[in-house]
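Please open the structure in your viewer and set the display to show both the backbone and the side chains. The tour below proceeds by selection, with a description at each stop.

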Amino acid sequence: MFKISKRKGSSLWQVRKRWPTDVAPLLKGEFTRSTGESDRKLAEAKLPIISAEHVAMVEDARRRLADNRFRDLSEAEIRRLATEFYTEALRHYQIRGPLDRTQRDELLEATDKTIETLEDHLARRDVAPVAALTRNMVERKGLPIPEDSGSLAHLAMMNLRAMIELHRGVAARLRGVEDYRPADATVAGLVDAAGKPARTVNDLIEAFEEAESERWAPSTLRAKEPVNRLLRETIGERPAAEIGRTEAREVLSLLRRLPAGLGKLKQLRGLSLRDAADRGEKLGLAVIAPATVNRAYLAHISALFNWAHQEEWTSGNPFRGLAVADPVAPEDKRDPFTPAQLKTIFAAKPWTAPGGVGEKPIRFWGPLMALFHGMRRGEIAQLHLVDIDEVDGVPSIRIRPGGSKRLKTRNARRTLPVHPELSLFNESSSSDHHCIICTRSSQ
């Protein structure tokens, strides 16, 4: 069962759930996700979507455990394991109790010799000092990694560098330097200045939603869900500050291979995005359209990293300017409906018999308002009578947030004069389904 609660200092609800015992060694901590909602009922409505993500992650972990074929660690897993080793070991590499001068000098001499020995191993790419430790790490996690795996050797090298920095930190403190920062850039990238694990892209997603989601429309929150999944599965465990152009292009490379309608295809259910892309290629499935890649994915990702740059999580936006070439020129794109099609649509019910809409006049007026004003569905559906008023003697629609009403973007706040065609429709339609706009303006 999911536990729903608010994080300390946050207005947003989050859900938590322990991993099943059989996959717990493979998955870190608890499953935790922000709902992006401050209202509990709206947060609870997100549970089916979040539950599906949890199920997919558990099934993927079980497949990995059941797979007798050895596999390599991903770069994200290597960094996570190395970070765990370094941050957990830091607690044990502390100077405890007062030392007299002789004790300090003896300990410093021994530590310097250890550093020299470890650096010699590093120069020869000999991971013998940490080989057993590294093997024990992956075995405790239940990861089926072969002895000759390149990724296991990579993890061992990371652990060796971390081991050197742990001893360097002790030596620095013995020399009176209390705020030692790892000199090895690779190790420094694993932690922040306080020695805590570096803030990851997953942390960035949580912080961005917590800071900005109250201003987003529900449709915006829904649109971000597949985007966040993409980032979590590709670079989620990586420190946000280390994401560069190379990583951004790797994300884009996977995105371009994803099947269209991924969440609706039964044959791809429960698969990771990489596996879904591979399966989609084998099945010959159509991929996400360039316009969707650019507008629905890259635009959201760029907004996330723009915020990260603004809040000093990163030194820039590695996704800036990335886009997929669209083979169809803008001037060659067809409108959703041609004029002839629109005439056919609006020559049918309910516009030929407005009484057929019963107690829901929006079925009559909603499409008309979208047609003549270009308003979004959500903007039309949340209109109240107070939003219709005369401006300089002209009946107008005020589109603005307030109360339960939200706008998709800041620029969506506007005032529109009522289109004269809507007044003509009102004069010819049934009085039982009069236009709320014209009614308001005549009061």
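**A sheet and its strands**

Begin with β4 and strand β5 (residues 394-399): 4 bridges join the two, and they run antiparallel. The model in view is a predicted one. Within this pairing, select D389, which stands opposite S396 in β5.

Next, widen the selection to the whole sheet. It is an open sheet of 3 strands in the order β4-β5-β6, with antiparallel pairing. Its edge strands are β4 (388-391) and β6 (414-417), each of which pairs on one side only. When the view is turned, note the twist, which averages 40 degrees from one strand to the next. In general, the strands of a sheet pair through backbone hydrogen bonds, in either a parallel or an antiparallel manner.

**Aromatic pairs**

Now display the aromatic side chains; a search of the whole structure finds 7 aromatic pairs. One of them is formed by F364 and W365 in an edge-to-face arrangement, at 4.8 Å centre to centre and with 80 degrees between the planes. Are these two residues, F364 and W365, buried or exposed? Both F364 and W365 are buried.

Move then to F2, W19 and F31, which ring pairs link into a cluster.

**Charges over rings**

Keep F2 selected and add K17, which lies over the face of F2 at 4.8 Å from the ring centre. For the final stop, select W13 together with R40: here R40 lies over the face of W13, at 4.9 Å from the ring centre.

Note on methods
Residues are numbered from 1 along each chain as its sequence is written. This is a predicted model: local features need pLDDT of at least 70, side-chain atom pairs count only at pLDDT 80 or more; totals for chains, interfaces and linings use all residues. Side-chain values use heavy atoms; hydrogens and water are left out. Two strands pair if DSSP finds at least two bridges between them. Axes are lines fitted to C-alpha atoms, for helices over the stretch in contact, and angles run from 0 to 180 degrees between N-to-C directions. Rings of Phe, Tyr and Trp (its six-membered ring) pair if their centres lie within 6.5 Å; planes under 30 degrees apart count as stacked, over 60 as edge-to-face and the rest as tilted. Buried means under 20% relative accessible area, exposed over 50%, partly exposed in between (1.4 Å probe, protein chains only). A charge sits over a ring if NZ of Lys or CZ of Arg is within 6 Å of the ring centre and within 35 degrees of the ring normal.
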